[in-house]
Amino acid sequence: MDKDDAKLGTYTCEVTELSREGETMIELEYRSVSWFPSKEYTLIIALPIVAITLFWAQVGFIMLKYKHSLTDKNIIILSLNGLLLITAVILGTLFFTPGEYSQNRVRGLHFLVSPSVMLVLLQFYRVTPACVAAHGPLLISGLIIIALVELFGLVYLIFMVPEI
């Protein structure tokens, strides 16, 4: 039920469970509760910004160290993806404003989290100007981190989330 459809007040509900019947009183009230504490909002927005800043630092380092020009294929791919990542984080920041749960805030969270996954996949293009064999483990470690995050998420859901 949408909160706009519900009228505030006290309701009596008839309950039938197996062979038992009865009534229960429920008071419907509206309280606005923030989805995340303000410190968490700050970190959720700041960490993707830091990650993208480090991404651009790596691109600049590759250009300087390996004397690549802006017309190099890998640099163009990295730059276009970097602009896409910046756009995603800006949109995420705009949608992910502090407040209660809403679909716009969920979209903002998606826009803020997805660049982190894309950064790991872009590691392939960052290591190809150098020696792929020497930097391949860096890409694999990023993929391992993503897998571990998923594992920890599953463990959290199993053991920490209360029953409904």
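Which residues touch the most other members of the largest nonpolar core? In this predicted model, the two are Phe55 and Phe96, in a core of 15 residues. Three elements each give two or more residues to this core: helix H1 (38–65), helix H2 (73–95) and helix H3 (103–127). H1 supplies the largest share, 6 residues.

**Overall layout**

The protein chain has 4 helices and 2 strands, and their order along the sequence is β-β-α-α-α-α. Of the 164 residues in the protein chain, 21% are buried.

**The hairpin**

Strand S1 (residues 9–17) pairs with S2 in the antiparallel sense, and 9 bridges join the two strands. Two of the bridge partners are listed below.

| Residue | Bridge partner in S2 |
|---|---|
| Thr10 | Glu27 |
| Thr16 | Glu21 |

The hairpin of S1 and S2 has 2 residues between the strands, and Leu18 takes a positive phi near 55° there. Strand S2 (residues 20–28) is hardly covered, with a count of 0 buried residues among its 9 residues. In a regular strand, side chains alternate between the two faces of the sheet. For S2, the count of 0 buried residues covers the whole strand, residues 20–28.

**Packing of H1 and H2**

The axes of H1 and H2 lie 10 Å apart, and the two helices pack at an angle of about 165°. An angle over 145 degrees counts as roughly antiparallel, so H1 is roughly antiparallel to H2. The crossing in which H1 passes H2 is left-handed. Both helices are also among the elements that give two or more residues to the largest nonpolar core.

**Aromatic residues**

The count of aromatic pairs comes to 8. A pair of aromatic rings is described by the distance of the centres and the angle of the planes. For Trp35 and Tyr101, the ring centres are 5.2 Å apart and the planes stand at 85°, so this pair is edge-to-face. The cut-off behind that label is an angle over 60 degrees between the planes.

Where do the two residues of this pair lie? Trp35 is in the loop between S2 and H1, while Tyr101 is in the loop between H2 and H3, so the pair ties together parts that are 66 residues apart in sequence. Trp35 has a relative accessibility of 26% and therefore counts as partly exposed, since the buried class is limited to values under 20%.

Trp35 and Tyr101 also belong to one aromatic cluster, together with Phe36, Tyr41 and Phe96. Phe96 thus appears in two settings: this aromatic cluster and the largest nonpolar core, where Phe96 and Phe55 touch the most other members.

**Leu138 in H4**

Leu138 is placed in helix H4 (residues 132–159). Is this residue buried, partly exposed or exposed? Leu138 has 43% relative accessibility, so it counts as partly exposed; the exposed class begins over 50%. Between Leu138 and Val120 the separation is 18 residues in sequence and 8.9 Å in space, taken C-alpha to C-alpha.

Terms used. Residues numbered from 1 in each chain as written. Predicted model: local features only at pLDDT ≥ 70, side-chain atom pairs only at ≥ 80, totals over all residues. Heavy atoms only, no water. Buried < 20%, exposed > 50% of the residue type's maximum accessible area, 1.4 Å probe, protein only. Pairing = 2+ DSSP bridges. Core = buried A, V, L, I, M, F, W, Y, C linked by side-chain atoms within 4.5 Å. Phe/Tyr/Trp six-rings, centres within 6.5 Å; stacked < 30°, edge-to-face > 60°. Axes fitted to C-alpha atoms, helices over the stretch in contact; angles between N-to-C directions. Parallel < 35°, antiparallel > 145°, perpendicular 65-115°, else oblique. Left-handed = near helix turned anticlockwise from the far one by under 90°.
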